[in-house]
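Here are some quick notes from my pass through this one. Have a look at the model first, then read on.

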Amino acid sequence: MTTTAEVEKPRADPGTGRAPRPRPGRIRRIGLPYLLLLPALVLELLVHLVPMVIGIVMSFKELTQFYIRDWGTAPWSGLDNYRVSVDFDAPVGEALLHSFLVTVGFTLLSVGLCWLIGTAAAIFMQDTFRGRGLLRALFLVPYALPVYAAVITWVFMFQHDNGLVNHVLHDQLHLTDKPSFWLIGDNSFYALLTVSVWKGWPFAFLIVMAGLQNIPGELYEAAALDGAGRWQQIRRITLPSLGPVNQVLLLVLFLWTFNDFNTPFVLFGRAAPEAADLISVHIYQASFVTWNFGTGSAMSVLLLLFLLAVTGVYLAVTSRGRRASHAR
C-alpha cells in the first residue's frame, strides 16, 4: 500500500537525476510569515537590543561627566565598575545592597497584596448582583489612569498638613497621635507600597477574572451537590484551575514591580528616602545625579542578570510542576 509520504515525495528529474527546485510560489508562502515579522523585529532591535548592547559596553568604561560629549573616548576600565558595585564593604556597594534588599521586600509585599486583592475581587465579582458592571468598571479605574496623574494625586493626599490621609487617620479616626510624614522617613516605604498596590491590583483582578471564565460551571454544581461549601470550592476548584494563569500573572507582576521607576520617581522626586530607595531609582541616581554612567551601567547589567536568573528558575520550577501534575 502506498503511503502519503511516498506520494508527496518529489521525484527526480529523469534527465538530470536531481530533485526539482521548489516553485517560486511555495517559497513566497514560506517566507511571507518572516517578512511580516520583519518590521517588528527591526523595531525590537532598535528600541531594546541596541540600547542594551550599548549599556553593556558602557559598563566596561570609565564613563564620567568628562566624557559625555564623546563617550566612545572614555578609557576602558574592564571589570572595575562591577567590582565597585559588588564590594559591599565600600559605600557604593553597601548602598546598592541596601537598595536591593528594600526592592526585594517591596516587590514581594506588593505582588502578594496585588494578587490577593485582585483574586478576591475577581471571585467576588463572579456572583451576579445588581450594579456588578458599574463596580467592575470602578475597579479598573486605577489601572486605566495614567501613572503620573495617579501618583501626583497620591502626593497631594500624603501631604503632612492638608493631605487627605492624615485628615482621615488623625482628624477623623484618631488613629495617630499627630499627623505623620508619609513622603520622608520610614513611612515612605508604606506610602510607596500603598500606591503600588492601589495601581497594580486591578491588573491582577482583570487577569484572574478572565481566567475564571474558563472554569466550567458544572464543576461548582457538582461540588455543591457533594456538600462542598464556598471556601472548599475556592480551595479545591478555583485556585487549582487558576494555576497556569497565576504562574504568568505573578511573573509579570514581579518584573513590573521590581523594575518600577515611575512610581517612586513621581512620588519622591530624584532623591528617594532611604526606606524607599528602590534599585531603579538608585541606578538613576548613580548614573544621572553623580554622573558616573559606567558604574550605573554596571548596576543595570547586574540587575538584568538577576532578573534573567529569577525568571529562568521560576519558569523551570513551574514547568517541572506542570509536568509532574500531568504525569499523575
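**Notes on aromatic pairs and a threonine**

1. Let's start with phenylalanine 293: its relative accessible area is 14%, so it counts as buried. Keep in mind that this is a predicted model.

2. The partner to look at is tryptophan 291, which comes out as partly exposed at 40% relative accessibility, since that value falls between the 20% and 50% cut-offs.

3. Both residues belong to a bigger group. Ring pairs join Trp291 and Phe293 with Phe261, Phe265, Tyr284 and Phe288 in a cluster.

4. Over the whole structure there are 23 aromatic pairs. One of them is phenylalanine 139 with tryptophan 201: the ring centres sit 5.3 Å apart and the planes make an angle of 70°, so this is an edge-to-face pair. Phenylalanine 139 is in helix 5 (residues 132-139) and tryptophan 201 is in helix 9 (residues 187-212), so the pair ties together parts 62 residues apart in sequence.

5. Are those two rings buried or exposed? Phenylalanine 139 has 18% relative accessibility and counts as buried. Tryptophan 201 is buried too, at 13%. Back to the earlier couple for the geometry: tryptophan 291 and phenylalanine 293 also pair edge-to-face, with 6.0 Å from centre to centre and 75° between the planes.

6. Last, a non-aromatic residue. Threonine 119 lies in helix 4, which covers residues 91-124. With a relative accessible area of 5%, threonine 119 is buried. Which residues does threonine 119 touch, leaving out those up to four places away in sequence? They are Val208 and Leu239.

Terms used: Residues numbered from 1 in each chain as written. Predicted model: local features only at pLDDT ≥ 70, side-chain atom pairs only at ≥ 80, totals over all residues. Heavy atoms only, no water. Helix = DSSP H or I, 4+ residues; strand = E, 2+ residues; numbered from the N terminus. Buried < 20%, exposed > 50% of the residue type's maximum accessible area, 1.4 Å probe, protein only. Contact = heavy atoms within 4.5 Å. Phe/Tyr/Trp six-rings, centres within 6.5 Å; stacked < 30°, edge-to-face > 60°.
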